[in-house]
Amino acid sequence: MVDALKATFVILLLTIAFVVYPTLRSAEKHEETTRSAARAAVVTFVDTTRGKGYVDVRDYNQLLRSLDASGGVFEVTLERYQKLIQPTYTDPTDFSTFQNTFTVRYDGFFTQEILQVLFPNTNVPDDDPTRRYNMHAGDLFNVRIESRGTTLAGRMRSLLFRGTNIPIIERYGGMVRSEAP
């Protein structure tokens, strides 16, 4: 009876050592490759957009193609915060009450508003300037991606360690450096 129990235990350990662990490591490596490719695509897109001063249809489509090629399924969120500088008055109707200070405010524009400019309901070619979402120097532009579904590594970790699946989330952005022409 003891020998059968030992044999079962040894078989279980060998299965973990030669099947489960290598499969988990391979899945984690694939997940890391997907994460790296997605991060590179987002960084390239945001840096290009910040340098140009506008979001272009071709650049956005290239981002989506790069994310598809990474092997994951992602939800893309675009954010633009327009910088507004307002003078401070004690009485807004009287210009002589200027307090010699300014207030900086950011108005937010998000994915839906940006995509409406990029993809209008008309048949306009991709390189048409009306299909650009223009920004101004000093605005903030951010892109956030989040994976949809689970990866093999996430499912295996959940099964083996009773944990929750953590999606791939990347966020990158910064200040727009150039005005749109």
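Buried, as used in these exercises, means that a residue has under 20% relative accessible area, while over 50% counts as exposed and the range in between as partly exposed. The structure studied here is a predicted model.

**Exercise 1. Describe the overall make-up and extent of the chain.**

Step 1: Begin with the secondary structure, which comes to four helices and six strands, and which runs α-β-α-β-β-α-β-β-α-β when read from the N terminus on.

Step 2: Turn next to the extent of the chain, whose C-alpha atoms fill a box of roughly 100 × 45 × 25 Å along the principal axes. The radius of gyration is 25 Å, whereas a compact globule of 181 residues would have one near 16 Å.

Step 3: Finally, consider burial and contacts. Of the 181 residues, 28% count as buried, and among contacts with a separation of 6 or more, 72% are between residues 24 or more positions apart.

**Exercise 2. Find which residues of helix α4 are buried, and explain how they are arranged.**

Step 1: Helix α4 covers residues 152–161, and its buried residues are A153, G154 and M156.

Step 2: Viewed down the axis of α4, these buried residues fall within an arc of 165°, so they line one face of the helix. As a general background to this step, an α-helix has 3.6 residues a turn, so residues three or four places apart point the same way.

Step 3: The partner of this buried set is α1, which spans 2–52 and against which the buried residues of α4 pack.

Step 4: Look also at the two ends of the helix. L152 belongs to α4, and it counts as partly exposed because its relative accessibility is 44%, in between the limits of 20% and 50%. The C-alpha atom of L152 is separated by 8.0 Å from that of E31, although the two residues are 121 residues apart along the chain. Just after α4, R162 takes a positive phi of about 55°.

**Exercise 3. Characterise the largest pocket and the residues that line it.**

Step 1: The volume of the largest pocket is about 190 Å³. Its lining is made up of 15 residues, of which G71, G72, T150, T151 and L152 are the closest to the centre.

Step 2: Assign the lining to elements, and α1 and α4 emerge as those that give two or more residues, with α1 giving the most, namely four residues.

Step 3: Sort the lining by class, which yields five nonpolar, eight polar and two charged residues.

**Exercise 4. Decide whether T34 and I145 are buried or exposed, and list what each one touches.**

Step 1: T34 has its place in helix α1, and because its relative accessibility is 5%, which is under 20%, T34 counts as buried.

Step 2: Leaving out residues up to four places away in sequence, T34 touches S70, G71, G72, F74 and I168.

Step 3: I145 is found in strand β5, which comprises residues 140–147, and since I145 has 0% relative accessibility, it too counts as buried.

Step 4: With the same exclusion of residues up to four places away in sequence, I145 touches A38, V42, L67, F74, E75, V76, I168, I169 and E170. For one of these, A38, the separation along the chain is 107 residues, while the C-alpha atoms of I145 and A38 are separated by 8.3 Å.

Note on methods
Residues numbered from 1 in each chain as written. Predicted model: local features only at pLDDT ≥ 70, side-chain atom pairs only at ≥ 80, totals over all residues. Heavy atoms only, no water. Buried < 20%, exposed > 50% of the residue type's maximum accessible area, 1.4 Å probe, protein only. Arc of directions from axis to C-beta. Contact = heavy atoms within 4.5 Å. 1 Å grid on protein atoms, 1.4 Å probe; cavity = no way out; pocket = protein on both sides within 12 Å on 5 of 7 lines; lining within 4 Å. Points joined across faces, edges and corners; volume = space filled by probe spheres on them. Nonpolar A, V, L, I, M, F, W, Y, C, P; charged D, E, K, R; others polar. Rg over C-alpha atoms; globule rule 2.2 N^0.38 Å.
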